[in-house]
Amino acid sequence: MSQKNQQKTLSAIINPVGTMQVLSNREVKKLQDTSQKGLHRLFRQCCLAVLNGEHQGDCAEEMMSMYQDFNIRIIQEQRGLKLELINAPAEAFVAGKLVRGVRENLFSVLRDILYVSSHISDDPRFDGGNGTDITHIVFEILRNAGAFITKQVPDTVVCWGGHSISREEYEYTQKVGYHLGLRYLNICTGCGPGAMKGPMKGAYIAHAKQRVNHSRFIGLTEPGIIAAESPNPIVNELIILPDIEKRLEAFVRFGHGIVVFPGGAGTCEEILYLLGILLNPANKSMPFPLVFTGPASAKSYFEDIDAFIGKTLGAEAQQRYQIIVDNPLEVAKIMRDGLETVTRYRRQHGDAYYFNWLLTVDEHFQKPFEPTHDNMAALELKLSLPPHELAANLRRAMSGIVAGNIKEEGVIAIRENGPFQLSGDPELMQEIDALLQSFVDHYRMKLPGSHYQPCYQIVQ
């Protein structure tokens, strides 16, 4: 055991679990390649995040600096592969053995990174700029991860919300998860702490009371997020999508209904993404249960969100969700009823229970947005835009702020070049500024106790 920068570490060799029993020589070379085109840095970073799940932080760069000596190697043997962990966080071990859930998630990382690299990126059948192909990429990644249960009626509730929330808000998310779990519903979140962990914890207890034997706690993440929001210990199905846009599409096609808890820019991004899709005329008649909820103390938060949506996307967008304050039981009842409506709709229209093929997702919401300073400054933020187009651009703005707050590349870009600059219609920019400032004032941008220097600047 070593102790570098006060971080205790262990080294170990672990056997595989799941489907990743053997690798080809080409796959091993990709994982060990430390060049810019190689996968080693990405693989190392995602594995460290899984191993460091107990760390209470929200900065990818900070986590990587804490364990600079961490490394991971592939050991090829005649009987299959093994992973060698070098200077891994000691908290991932019990009596010298890696915790089983951590081991399973490590091999989920291996599975998803290799699949995207070997079977998606190099496959000429998939055009990353084509919307239909992007949807099929999301489908293929989920299918390869074993996420689909074909004959099971809709029972998966996606829970969105911030990693930086108050204790009262966290306990409320647990209560909602508990009542969802009592109704035999499974939980899918972004897999991190806060509002992503609370619903899973509540549902875990409820499933135990209901004697549910195969509880599903699905965590959907992407490489830029996972290092800052490590998977919480309850996640038993970890799936890594290649970018934020595919992660968001996975949420709305895989999940059957969505509950939104208080959060910051990332939660706002998710709300804008979904509302922008639901505003598409092609999705007008599609049932999609959507509830915003929190404790009584969060009432003003949702009033601000609702007002922002009304002033930017209009009354039609406001009709696509319900706001329920301080009533976990009512949230669960509405979600249960909503999923029954979804089941009837899918059955009537011949759509799959496990993947929402009928949902129309415009390419504005699918094509990856790289949050550089130039791209952020070039965003068209005008109230004259059609609501779904404005939602797409507002979503990109929030995505850039998330990157500047917690993603390693975004944090470095802000340090080197200063804050992102956003400009547009004065009235709209005033609304954006007020909403973002409310997130700052209530410690929703970073964990409480940490200093927050805004990574954005509103230019009038």
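**Exercise 1. Which residues line the second largest cavity?**

*Solution.* The model is predicted: local features need pLDDT of at least 70, side-chain atom pairs count only at pLDDT 80 or more, and totals for chains, interfaces and linings use all residues. Residues are numbered from 1 along each chain as its sequence is written, and side-chain values use heavy atoms, with hydrogens and water left out.

Step 1. Begin with the term: on a 1 Å grid over the protein atoms alone, a cavity is a set of points where a 1.4 Å probe fits but cannot get out, and lining residues have an atom within 4 Å of a point. Grid points are joined across faces, edges and corners, and a volume is the space filled by probe spheres set on the points.

Step 2. The lining consists of A147, F148, I149, Q152, V153, D155, T156, R216, F254, H256, Y353 and Y354. The volume of this second largest cavity is about 80 Å³.

Step 3. Sort the lining by class, where Ala, Val, Leu, Ile, Met, Phe, Trp, Tyr, Cys and Pro count as nonpolar, Asp, Glu, Lys and Arg as charged, and the others, Gly among them, as polar. Seven residues are nonpolar, three polar and two charged.

**Exercise 2. Describe the largest cavity.**

*Solution.* Step 1. The structure holds four cavities of 30 Å³ or more, and the largest has a volume of about 310 Å³.

Step 2. It is lined by 26 residues, with H163, E229, G266, T267 and V402 closest to its centre.

Step 3. Helices (H or I, at least four residues) and strands (E, at least two) are DSSP runs, numbered from the N terminus. Helix α10 (265-278) is among the elements that supply at least two lining residues; α10 gives the most, with five.

Step 4. By class, the lining holds ten nonpolar, ten polar and six charged residues.

**Exercise 3. Describe the largest pocket.**

*Solution.* Step 1. A pocket is an open set of points with protein on both sides within 12 Å along at least five of seven lines. The largest one contains about 1,300 Å³ of space.

Step 2. Of its 42 lining residues, L42, P223, G224, P242 and E409 lie nearest the centre. Helix α4 contributes the most, six residues.

Step 3. The lining divides into 16 nonpolar, twelve polar and 14 charged residues.

**Exercise 4. Place strand β8 among its neighbours.**

*Solution.* Step 1. From β8 (residues 186-189), N186 and C188 point one way while I187 and T189 point the other, and all are buried, that is, under 20% relative accessible area (1.4 Å probe, protein chains only).

Step 2. Two strands pair if DSSP finds at least two bridges between them. Strand β7 (residues 156-160) runs parallel to β8 and is joined to it by three bridges, with T156 opposite N186. The chain passes from β7 through helix α6 (residues 167-182) to β8 in a right-handed β-α-β crossover; right-handed means that, with the strands pointing away from the viewer, the path from the first strand over the helix to the second runs clockwise.

Step 3. On to β9 (residues 217-221), three bridges again join parallel strands, and C188 has I218 as its bridge partner. The connection from β8 through helix α7 (residues 198-209) to β9 is also a right-handed crossover.

**Exercise 5. How many disulfides are there?**

*Solution.* Step 1. A disulfide is a pair of cysteine sulfur atoms within 2.5 Å. By this rule the count is zero.

Step 2. For C47, the nearest cysteine sulfur, that of C46, is 7.1 Å away. C47 is buried, at 0% relative accessible area.

How values were computed: Buried < 20%, exposed > 50% of the residue type's maximum accessible area, 1.4 Å probe, protein only.
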